[in-house]
Amino acid sequence: MRSPTTPTTEYSLSILGVSYTIKSRTILRNISLYCGGGNILALLGNSGSGKTSLLDVVACRAEGRTVGGAFINGRLVTPELFVKRGAYVLQDDQLLAHLTVKETLTYTARLKFAGATKNIQVTQRVEQVLNEIGLKHVADSKVGGAFKRGISGGEKRRVSIGCQLLCDPVVLLLDEPTTGLDSFTANRLVTNLSQLAKQYNKVIVMTIHQPRSDIFRLFDHIGILSLGELVYMGPSSQLVSYFTDLGYSCPHYANPLDHYVDLASVDRRDIVRESNTTARVRSLHGSYLNSNIFKDTLSEVHRSAATASDLEVESIFSNPWTYLDPPGFAATWATLFSRMTVNLIRDKPSLLMRIFQFSCFSFFLWLFIIRLKKNQESMQDRNGLFHQLVSVPPYVGVLNAVALFPTLRTTFRRESKDGLYGSTVFLFAYFVHILPFHLISTFIFTAVVHWGIGLQSEMFRFGRVWAVILLLHFSGEVLAVALMGVFKNEAVANSISGLIFVIGGLMGSGFVRSLEGMIDVLKWSGWINIFKYTSEIIVANELNGLNLTCSINSTMPCLYPNGNLYLSIFYPKAVKCMARNFIVSFSYMIFFCVLALIIFKITKIRKSRMI
């Protein structure tokens, strides 16, 4: 197998006549550029100039209308081609905090190309990448996050880059890789990228904000964008002389990059400044279009297209790491499941929350009720307990999802854009991953409530209560996950999920108000409400066969000498329909799972159609 460290083909990235529009707003106008293998191209410009949008176009992730295109060795970049021979490092480091650096790369490698291959191939490639990005010394250190101290910011950025280098991409795009780094760390990072480009014949394109002057010498080419247009695109060695010839010399001791980005920026503090600086930007753009540098760029682009051949197409796609057997559904599921579980088990606060957050509420109920009596006065306590048993589990499930799912969702969205896996295998892995924790927490909760508070003690009755609480708890988390597929803000998903369950509990359980006493619209809506069926199970399970005593000294009439009389009045079909109610409740849980899958697929399709 050919080593990725011994390139045999000269690669190039060219962009010809790219214009990009979103909702009638033009982001890029007629952008053309060229960068050969072994070079690093830095795109600069003020905020809103179109730097990130240009990377999105190259990576086939643009969300608007695109004219023109990007080419690798003269071949149009398609989503398929970019997945195989390109890589895109986003600005934010979307990493799982409790995995080590080596584990992060290993799991990513397994998702990329480890389906039916031996683990030794994964290990070898991970070791190579660790050496390439200079992270061998922290290979066994945890990544860390907001609440967990780990490796440094610069090292995290290199881990993100390493995840993209695993498949030995020809073209590597980086969006603001130095953001948030101190000047020394930023310099080391860019130096490392420059070495990668030259040693492995890669085309590296990066956007950068406020680069230090000592970084300037590391760039082979500079592109300066303003108002979606190029005012310069050429060798870094000619930058100062080019603008000096236009009458804009760089002051002594000034950073040329900062100086010329400022020169190409629009000052919007007032109308006069905005008009004058806009005219200057238009003039700079016109001068660039008439320059020899621009003509040379177009010549390189056309030369690359003219020399493209079928042999070069094969060389573009011929990547030993891409063509290892891709992981199938089962292998991908196993990798995702393992990664989720390892990350959670090492996150002790989150692990304890998963197991004991819901369990602790059972002890509160026990302290509140202490012990149920078996008299008719206890019916009020029982109704209150029944209401808590069906209303609390789903909402605690929502809280679990809101606290723990967003990080995994962020990782999923990045990796799905990289073409590693889809929403079906991701959600299936997540649902199986959370199931054991739901089983444990609901078992503890049910045991405390059932035997501690004093429900009927038979094991089959305990099993029914446990099953209902498990269904509701799991359904609550799954519905919240589905809503987080719609809303990026988890607080919104939390609010809507909570509202759905509160309204559903009021309308369907019959504990707050008798179902027969509600207006017809609300009464009939109960038939499409999971709480109607789970409430009937809970009530029938406890009250069927329960004898209640009447106190001689009580002023209350003896209305319910047994639970069956109460059932015959308020839940007349609950006992006979026990099996039906379980089937319907289980169907609701499956429905929420399918709903989550559909939502995640629809949102992915909608974004894909925008590209």
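**Strands, helices and membrane spans in a predicted model**

Trainee: Let's begin with the hairpin of S1 and S2: which residue in the turn has a positive phi?

Mentor: Happy to start there, keeping in mind that this is a predicted model. Two residues lie between S1 and S2 in this hairpin. The strands, residues 12–22 and 25–36, run antiparallel and are joined by eight bridges, and isoleucine 22 stands opposite arginine 25 in S2. In the turn, the residue with a positive phi, about 50°, is lysine 23.

Trainee: S1 also pairs with S4; which residue in S4 is the bridge partner of serine 19?

Mentor: S4 covers residues 65–72, and its pairing with S1 is antiparallel, over seven bridges. Within S4, the partner of serine 19 is valine 67.

Trainee: Now the open sheet: what is the order of its six strands?

Mentor: Start from the edges, which are S6 (86–89) and S10 (229–235), each pairing on one side only. Averaged from one strand to the next, the twist is 15°. The pairing in this open sheet is mixed, and the order reads S6-S7-S8-S3-S9-S10.

Trainee: In what sense do S3 and S9 pair?

Mentor: One bridge links leucine 43 with glycine 223 in S9. Five bridges connect S3 (residues 40–45) and S9 (residues 221–226), and the sense is parallel.

Trainee: Which strands does helix H6 lie across?

Mentor: A good companion to look at is H1 (residues 51–58), which lies across S3, S6, S7, S8 and S9 and runs at about 135° to S3. H6 spans residues 183–200 and runs at about 155° to S8. The strands H6 lies across are S3, S7 and S8.

Trainee: Moving along the chain, are H14 and H15 roughly parallel or antiparallel to each other?

Mentor: Their axes come within 11 Å and cross at roughly 160°. Angles over 145 degrees count as roughly antiparallel. The crossing is also right-handed. H14 and H15 are therefore roughly antiparallel.

Trainee: How many nonpolar residues are in the contact of H14 with H15?

Mentor: On the H14 side, the residues include Met353, Arg354, Phe358 and Phe361, while those of H15 include Leu385, Val392, Pro393 and Leu399. By class, the contact has four polar residues, one charged residue and, for the nonpolar class, twelve.

Trainee: Last one: what percentage of residues 582–602 is helix?

Mentor: An unreviewed UniProt entry lists this span as a transmembrane region, along with others including 465–486. Residues 465–486 are 91% helix, with end C-alpha atoms 32 Å apart. For residues 582–602, the end C-alpha atoms lie 30 Å apart, strand is 0% and helix is 100%.

Technical notes. Residues numbered from 1 in each chain as written. Predicted model: local features only at pLDDT ≥ 70, side-chain atom pairs only at ≥ 80, totals over all residues. Heavy atoms only, no water. UniProt positions renumbered as here; feature names shortened; annotations may be inferred. Helix = DSSP H or I, 4+ residues; strand = E, 2+ residues; numbered from the N terminus. Axes fitted to C-alpha atoms, helices over the stretch in contact; angles between N-to-C directions. Parallel < 35°, antiparallel > 145°, perpendicular 65-115°, else oblique. Left-handed = near helix turned anticlockwise from the far one by under 90°. Contact = heavy atoms within 4.5 Å. Nonpolar A, V, L, I, M, F, W, Y, C, P; charged D, E, K, R; others polar. Pairing = 2+ DSSP bridges.
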